[in-house]
Amino acid sequence: MTLLELRKYAIEHRSEIRFTDRLGHECLVSEKGQVRIPGEDKDFHVEEALEAAEGFEIISGGQAHRLSREAMAGVITQASGIQKAEAAAGEDE
């Protein structure tokens, strides 16, 4: 699961995605795909925080859904598989 995949998911599903690494570095991917670092500590790499993140939160329609890393990866994989299938169907027409 990459940062680009998270950004794409957030944009296409009009959701925010939050994740935190073991050191407490929090990151937010906005509905526009922008990555933000809330809080005071901004001295870290977002990609490294993503690699170390164990929990994720998808915020959509005012509701928050907490997911494990494995569950989030599954959501991303499923969403990208659906998009590939729709693209292939569109090419057949």
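# Starting from H25

H25 sits in the loop that links β1 to β2. Elements here are DSSP runs numbered from the N terminus: helices are H or I runs of at least four residues, strands E runs of at least two. The model is predicted, so local features need pLDDT of at least 70 and side-chain atom pairs pLDDT 80 or more, while totals for chains, interfaces and linings use all residues. Residues are numbered from 1 along each chain as its sequence is written, and side-chain values use heavy atoms, leaving out hydrogens and water.

Is H25 buried or exposed? H25 is buried, because its relative accessible area is 13%. The cut-offs are under 20% for buried and over 50% for exposed, with partly exposed in between (1.4 Å probe, protein chains only). Leaving out residues up to four places away in sequence, H25 touches F19, T20, D41 and F44. Contact here means heavy atoms within 4.5 Å. The loop belongs to the hairpin of β1 and β2, with five residues between the strands. In that hairpin, G24 adopts a positive phi near 90 degrees.

Now step back to the whole chain. The protein chain has three helices and five strands. From the N terminus on, they follow the order α-β-β-β-α-β-β-α. Of the 93 residues, 28% are buried. The accessible surface is about 6,200 Å², and carbon and sulfur atoms account for 48% of it. These areas come from the Shrake-Rupley method with a 1.4 Å probe; for residues, only the protein chains shown count as cover. Take the contacts between residues at least 6 apart in sequence: 43% of them join residues at least 24 apart.

The strands come next. They form an open sheet in the order β3-β2-β1-β4-β5, with antiparallel pairing. Two strands pair if DSSP finds at least two bridges between them. β3 (35–36) and β5 (63–68) are at the edges with a single partner strand each, so one side of each has no neighbour in the sheet. Follow the bridges across. β1 and β2 pair over four bridges, and I17 has V29 in β2 as its bridge partner. On to β4: β1 joins it through five bridges, and F19 stands opposite F56. β4 and β5 pair over six bridges. There, S60 has Q63 in β5 as its bridge partner.

Look along β1. In a regular strand, side chains alternate between the two faces of the sheet. In β1, I17 and F19 point to one face and are buried. E16, R18 and T20 point to the other face and are not buried.

How many aromatic pairs does a search of the whole structure find? The search finds one. The rings of F19 and F56 have centres 5.7 Å apart and planes at 40 degrees, so the pair is tilted. Rings of Phe, Tyr and Trp (its six-membered ring) pair when their centres lie within 6.5 Å; planes under 30 degrees apart are stacked, over 60 edge-to-face, and the rest tilted. F19 is in strand β1 and F56 in strand β4, so the pair ties together parts 37 residues apart in sequence. Both F19 and F56 are buried.

The two phenylalanines lead into the core. The largest nonpolar core has 18 residues, and L6, I17, F19, F56 and M72 have the most contacts inside it. Such a core is a set of buried Ala, Val, Leu, Ile, Met, Phe, Trp, Tyr and Cys residues joined through side-chain atoms within 4.5 Å. The elements that give two or more residues are α1 (3–12), β1 (16–20), β2 (26–29), α2 (46–52), β4 (55–60) and α3 (69–92). α1 gives the most, with four residues. Beyond its neighbours within four places in sequence, M72 is in contact with M1, L6, I17, F56, I58 and L67.

Finish with α1. L3, L6, Y9 and A10 are buried in this helix. Seen down the axis, the buried residues of α1 fall within an arc of 125 degrees, so they line one face. The arc is taken from the directions that run from the helix axis to the C-beta atoms.

R14 follows just after α1, in the loop between α1 and β1. Most residues other than glycine have a negative phi. R14 is not a glycine, yet its phi is positive, about 45 degrees. R14 is exposed, because its relative accessible area is 66%.
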